[in-house]
Amino acid sequence: MQYDKDLESEHKELFLSAREFLLSFDGIVETKKERITTYSNEKGGICHMRTMPYGIDFGFLKGAKMEDNLGLLTGNGKAIRVLQQKELNKKVVEYYIKQAIEINSRK
């Protein structure tokens, strides 16, 4: 399971700090899947998160609909955009999480 791999990573502490921060948002729940750990609310998916060789990735499931005024999202697929973090920048993550929550609320 990916969650177990994340806990064995050299970036375990970063992963756990980011996990705690994500779960601090009202209504966000965690789902541990075989290949990824996802975060959602009652309106739908918010993001997934995993450790990487350089730190962690947040994959915003509706990232293509987000405004990226910070210019930090990567990817050009139809939906997902990725935020790479070597150190947890809570202000940056919050900027994107709040947008993801807002996008979900429009359903």
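A residue counts as buried when its relative accessible area is under 20%, as exposed when over 50%, and as partly exposed in between (1.4 Å probe, protein chains only). Keep that handy for strand 2.

This is a predicted model, where local features need pLDDT of at least 70, side-chain atom pairs count only at pLDDT 80 or more, and totals for chains, interfaces and linings use all residues. Residues are numbered from 1 along each chain as its sequence is written, and side-chain values use heavy atoms, leaving out hydrogens and water.

Let's start with the sheet. Its 6 strands are arranged in the order 1-2-3-4-6-5, forming an open sheet with antiparallel pairing. Strand 1 (29-32) and strand 5 (73-74) sit at the edges with a single partner strand each, so one side of each has no neighbour in the sheet. Strands here are DSSP runs (E, at least two residues), as are helices (H or I, at least four), numbered from the N terminus; two strands pair if DSSP finds at least two bridges between them.

Now for strand 2 (residues 37-41). Here is how its two pairings look:

| Pair | Bridges | Sense |
|---|---|---|
| Strand 1 and strand 2 | 4 bridges | antiparallel |
| Strand 2 and strand 3 | 5 bridges | antiparallel |

A hairpin with 4 residues in between links strands 1 and 2, and another joins strand 2 to strand 3 through 2 residues. Lysine 32 stands opposite threonine 37, while tyrosine 39 faces cysteine 47 in strand 3.

Both faces of strand 2 are covered: Thr37, Tyr39 and Asn41 are buried on one side, Thr38 and Ser40 on the other. With 5 of its 5 residues buried, strand 2 is therefore largely enclosed by the rest of the structure.
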